Amino acid sequence: MKAPEKVITDIENYGAAFEANWSPITMPTGQKTALLGASYMVALDEDWAIGPAAYGAAQGQFGGLFTVGFNVQKRWRLAKDWHLATSLYAGAGGGVSSDKVRAGGGLMLRPELSLRREFGDWYAGVGVSHVTFPNGRGNIKDTGVTFTVGMTDRFLSFAPSSSGSLGRTSYNTGIGFDEIALSVGAEKPRSGSFTRSGEPLTTRKNKAGADLRRYFDSGSAWWGMEASGAASGGHDGYMEILGNIGKDWGIGSERLRLGVQASAGLGGGGNMDTGSGWLLRVGPTLRWITPWGPTLRLDAGYMKAPWGHYDSLQIRGSLAVPLEKGSRIPGSNNPMELGRISTQTWFLNTPRFNNFVFKDGSRESVTGLGLGMTRSFGDTWYGVGYAGSAALGKAGAFSYGMFGLGAQTPKWNGIRFGAEALVGAAGGGGVQVGGGAVSQGEPWAQWEGGSQDRLRVRVGIGQWKSLGGDKHSTPMVNVNIGWAFGTLGPAN
């Protein structure tokens, strides 16, 4: 008789926090804007935390100014309900630019000092921050008051060395999202939509992106976030980041569900007049929860920039895979207690593109800065996604978002090898990318070490290619530094 498989119950509990802030700044032209920032930080100890973050323009006429990167924070306890925090954000991006307003190479730094008052799991505070784009010809910089609101959380995870084993827990592990989806779609501008130069927008824009969902109300409602960019249609450089909330109902079966979703967030770039950057969207949703695990979705919607000159009708299809819960069927009495442990890794992504072709005919190397995420599907295969922007070079405002599939070998003496293939969208910064669709292939080598082998250092050498226009390509070197953790997925 076969011995029962060992079930792992040991999990580590790290402190974590969701944090948002509002930072008014003055542009070099004297125009006023404000950056809305969001970050998710995991505690390294009682005082230090680090995690991914993003900032986007949310006031004035600079919609499309985005950066993505990492935030490092240290806190000092002043009293029972008070703490002082100092933070340093480093990210890359750009967006709306001109001869008078320049993001330079794309690197953004934002140090902050703030005083916070705690209210249970929530906190709020006020402080001072300095925003600067310091390299290249960047001239965006200002110091001002910043306002912060945050919520404490916990980050539960298994050791990544336990990947593939059965595990048990009554709580969500990792960042707490239940599902990740990859999507492609199209949108058609309506009359009254214009470019920033006042020309009517008439061409259809195709987009590619990804989203994360967390379900509640017995699995019939959700909240989440999504990011997408232009993949064709002449609007390369367009990007949007939205928060979503929705609910659906079964149609004859709990697996086939019709519902509605509302979204709000920031977007712009690609010479589209989104004004301050705010976007609102609402529309119907349809999802089929397959018996095999993945979910197929079809969404439609009406989107409007309330303080700009852009509105559109859009449709998209998505393939979603579970990150944690074994059952996504509303009303199911199968709580996520027993499952198979999978490894997820968050990376600081720093690709160097050796020979970008620019729209003015010049060629130059560009270094990017962004975020990467992988999720294992067994011992060999894994899913992967990257999002980031140019940080060094002359391509400030160039951004990329890609997703794909990878394969890896077993680990030998702390070293692992693998390769991955990705597709996605990119544009902006004067880089010649046709409509915005791009691909990337990359073999890599990775060292794994640190506490419970959570630290990852990966170096890859590959090829990046624009799939539209002249279809130019460039060799690239990709250096990633990551942190791995185990999450609980389906038991099958």
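Let me start with G265, which stands opposite L279 in β16, in a model that, I should say at once, is predicted. The two strands concerned are β15, covering residues 256-268, and β16, covering residues 278-289, and they pair in the antiparallel sense over eleven bridges. Both belong to a closed barrel of eight strands, which runs β11-β12-β13-β14-β15-β16-β17-β18 with antiparallel pairing. If you follow the strands of this sheet around, neighbours are turned by 25° against each other on average, with direction ignored. As a reminder, strands of a sheet pair through backbone hydrogen bonds, and they can do so either parallel or antiparallel.

Let me turn to an earlier part of the chain, where strand β8, residues 122-132, is joined on one side of my account to β7 and on the other to β9. With β7, residues 107-119, there are nine bridges, and the two strands run antiparallel; within that pairing, R116 stands opposite G125 in β8. β7 and β8 form a hairpin with two residues between them, and G120 in the turn has a positive phi of about 70°. With strand β9, residues 141-157, β8 shares eleven bridges, again in an antiparallel arrangement, and here G127 stands opposite T146 in β9.

That glycine brings me to backbone angles. Most residues other than glycine have a negative phi, and so which residues here go the other way without being glycines? S218 is one of them, with a positive phi of about 60°, and N413 is another, with a positive phi of about 50°. S218 is found in the loop between β12 (205-216) and β13 (221-232), and with a relative accessible area of 59% S218 is exposed. N413 has its place in the loop between β22 and β23 (415-427), and N413 is likewise exposed, with a relative accessible area of 82%.

Now to the aromatic side chains, where the structure holds 19 aromatic pairs. Take Y14 and W483, an edge-to-face pair whose rings are 5.5 Å apart centre to centre, with 85° between the planes. Why does this pair tie together parts that are 469 residues apart in sequence? The reason is that Y14 lies in strand β2, residues 12-26, whereas W483 lies in strand β26, residues 473-489. Y14 counts as buried at 17% relative accessibility, because the cut-off for that word is under 20%, while W483, with a relative accessible area of 28%, is partly exposed.

A second edge-to-face pair is formed by F398 and W464, at 6.4 Å centre to centre and with 75° between the planes. F398 sits in the loop between β21 (381-392) and β22 (399-408), and W464 sits in strand β25, residues 455-466, so this pair ties together parts that are 66 residues apart in sequence. F398 is buried, with a relative accessible area of 1%, and W464 counts as buried at 0% relative accessibility. F398 and W464 also belong to one aromatic cluster, together with F353, F356 and Y400.

Finally, there are two places to look at where a charge meets a ring. The charged end of K205 sits over the ring of Y238, 4.5 Å from its centre, and the charged end of R458 sits over the ring of W444, 3.9 Å from its centre.

Technical notes: Residues numbered from 1 in each chain as written. Predicted model: local features only at pLDDT ≥ 70, side-chain atom pairs only at ≥ 80, totals over all residues. Heavy atoms only, no water. Phe/Tyr/Trp six-rings, centres within 6.5 Å; stacked < 30°, edge-to-face > 60°. Helix = DSSP H or I, 4+ residues; strand = E, 2+ residues; numbered from the N terminus. Buried < 20%, exposed > 50% of the residue type's maximum accessible area, 1.4 Å probe, protein only. Lys NZ or Arg CZ within 6 Å of the ring centre and 35° of its normal. Pairing = 2+ DSSP bridges. Axes fitted to C-alpha atoms, helices over the stretch in contact; angles between N-to-C directions.
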